[in-house]
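Student: I am new to this structure and would like to go through it one step at a time. Could you show it to me before we begin?

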Amino acid sequence: MGMSVTISAATEQDAEQIFRLQYLCFQSEAALYGNYRIDPLVQTLDSVRAEVASDCVFVARLGDEVVGSVRGRVTEDGAASIGKLCVHPRLQGHGIGARLLRAAESALSGERGATRFRLHTGHRSEGNLRLYRRVGYQAVGTVEGADGVRMIVLEKQAEAYAATA
C-alpha cells in the first residue's frame, strides 16, 4: 500500500464521505441487533454536514479516502459526548479507532474544556466494549436508545486522557 493513515479535523468537504462510511460501518451493528433503524443508518447527509460544522469531528484518511471518523461535543454538564466512531471494515483492528478516539478526547478537553468523556455502545457490541475498556472507559449505566437497542453508557475523566495517549 505504501501510504499511512493520518488523523485530522474533518472539513465540510468530508461530510459526504463520512456519511457513506458511517452507513457501511454500522451495517454490522444493525445486523447484530436485527435493527436497521439505528441512528447512524437513518441519519441524513444534511445532519452529518451540520455536525461537521458545529461539533468536534475527526477523520482518518488513507490518501484522499476517509476511512474512519468520530464526533464529539461538550454537553451542558461539562461532559463530552463522543459518538459514531467508525473505521472502514477492511482497516479495523489496526488501532485507527483508538487513534481517532484519542484525537477527539484531546480536542474536547484541551480546546473545548470537557471534564469527562461519555460514550455508549450496544450491549452486544463486544469489540466496541473491549476497545473502550482498553482505553480507560468504565460502564456507568445503561439506557434504551430511541431505536429500542439497550446501550451501555461508559465514561472516563478527562485527566485520564494523558494516561491513554
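Student: In which strand is Gly141 found?
Tutor: Before answering, please keep in mind that this is a predicted model. Gly141 belongs to a strand that covers residues 138–144, and that strand is E6.

Student: Is Gly141 buried, exposed or partly exposed?
Tutor: The residue touches Met151, Ile152 and Val153, leaving out residues up to four places away in sequence, and its C-alpha atom is separated by 6.0 Å from that of Ile152, although the two are 11 residues apart along the chain. Even with these contacts, its relative accessibility is 31%, and therefore Gly141 counts as partly exposed.

Student: Which strand pairs with E3 in the antiparallel sense over 7 bridges?
Tutor: E3 has an antiparallel pairing with E4 over 6 bridges, so that one does not fit the number you gave, because your number is 7. One of the bridges that does belong to the pairing you ask about joins Gly68 in E3 to Ala60. The strand with 7 bridges to E3 covers residues 56–62 and is E2.Student: Which residue takes a positive phi in the hairpin of E3 and E4?
Tutor: The two strands are antiparallel and share 6 bridges, one of which has Gly68 with Val87 as its partner in E4. The hairpin has 4 residues between the strands, and the residue there with a positive phi, near 85 degrees, is Gly78.

Student: Which residue takes a positive phi in the hairpin of E2 and E3?
Tutor: Here the strands pair in the antiparallel sense, and the hairpin has 2 residues between them. The phi in question is near 65 degrees, and the residue that takes it is Gly63.

Student: How many residues of E3 are buried?
Tutor: E3 covers residues 65–74 and is described as mostly covered. Ser69 is one of the residues in this strand, and with 0% relative accessibility it counts as buried. For the strand as a whole, the buried residues number 7 of 10.

Student: Which backbone oxygen does the side chain of Ser69 reach?
Tutor: Leaving out residues up to four places away in sequence, Ser69 touches a set of residues that includes Ile18, Leu21, Phe58, Lys84, Cys86 and Leu100. The side chain of Ser69 comes to 3.5 Å from one backbone oxygen, which is that of Phe58.

Student: What is the phi of Lys84 near?
Tutor: Lys84 has its place in strand E4, and at 18% relative accessibility it counts as buried, since the limit is under 20%. Its phi is positive, in a residue other than glycine, and lies near 55 degrees.

Student: With which side chain does Gln43 make a polar contact of 2.9 Å?
Tutor: Gln43 lies in the loop between helix H3 and helix H4, where it is buried with a relative accessible area of 7%. Its contacts beyond four places in sequence include Phe19, Glu51 and Arg71. A polar contact of 3.4 Å joins its side chain to that of Lys84, while the one of 2.9 Å is with the side chain of Gln22.

Student: How many disulfides does a search of the whole structure find?
Tutor: Cys25 is buried at 8% relative accessibility, and Cys86 is buried at 3%. The cysteine sulfur closest to that of Cys25 belongs to Cys86 and is 4.3 Å away, which is too far for a bond because a disulfide needs the sulfur atoms within 2.5 Å. The number of disulfides found in the whole structure is 0.

Student: In E5, which residue is the bridge partner of Ser81?
Tutor: E4 and E5 run parallel and are joined by 3 bridges. Since 5 of its 7 residues are buried, E5 is largely enclosed by the rest of the structure. The partner of Ser81 in that strand is Arg118.

Student: Is the pair of Tyr132 and Tyr137 stacked or edge-to-face?
Tutor: The count of aromatic pairs comes to 1. The ring centres of Tyr132 and Tyr137 are 6.1 Å apart and the planes stand at 65 degrees, and because planes over 60 degrees apart fall in that class, the pair is edge-to-face.

Student: How far does helix H5 reach from its first C-alpha to its last?
Tutor: H5 covers residues 96–110, which makes 15 residues. Its buried residues include Ile96, Leu100, Leu101, Ala104 and Leu108. An α-helix has 3.6 residues a turn, so residues three or four places apart point the same way. The reach of H5 is close to the value expected at 1.5 Å a residue, and it comes to 21 Å.

Methods:
Residues numbered from 1 in each chain as written. Predicted model: local features only at pLDDT ≥ 70, side-chain atom pairs only at ≥ 80, totals over all residues. Heavy atoms only, no water. Expected span 1.5 Å × (residues − 1). Buried < 20%, exposed > 50% of the residue type's maximum accessible area, 1.4 Å probe, protein only. Contact = heavy atoms within 4.5 Å. Polar contact = N/O pair within 3.5 Å; in protein donor to acceptor, adjacent residues only side chain to side chain. Phe/Tyr/Trp six-rings, centres within 6.5 Å; stacked < 30°, edge-to-face > 60°. Pairing = 2+ DSSP bridges.
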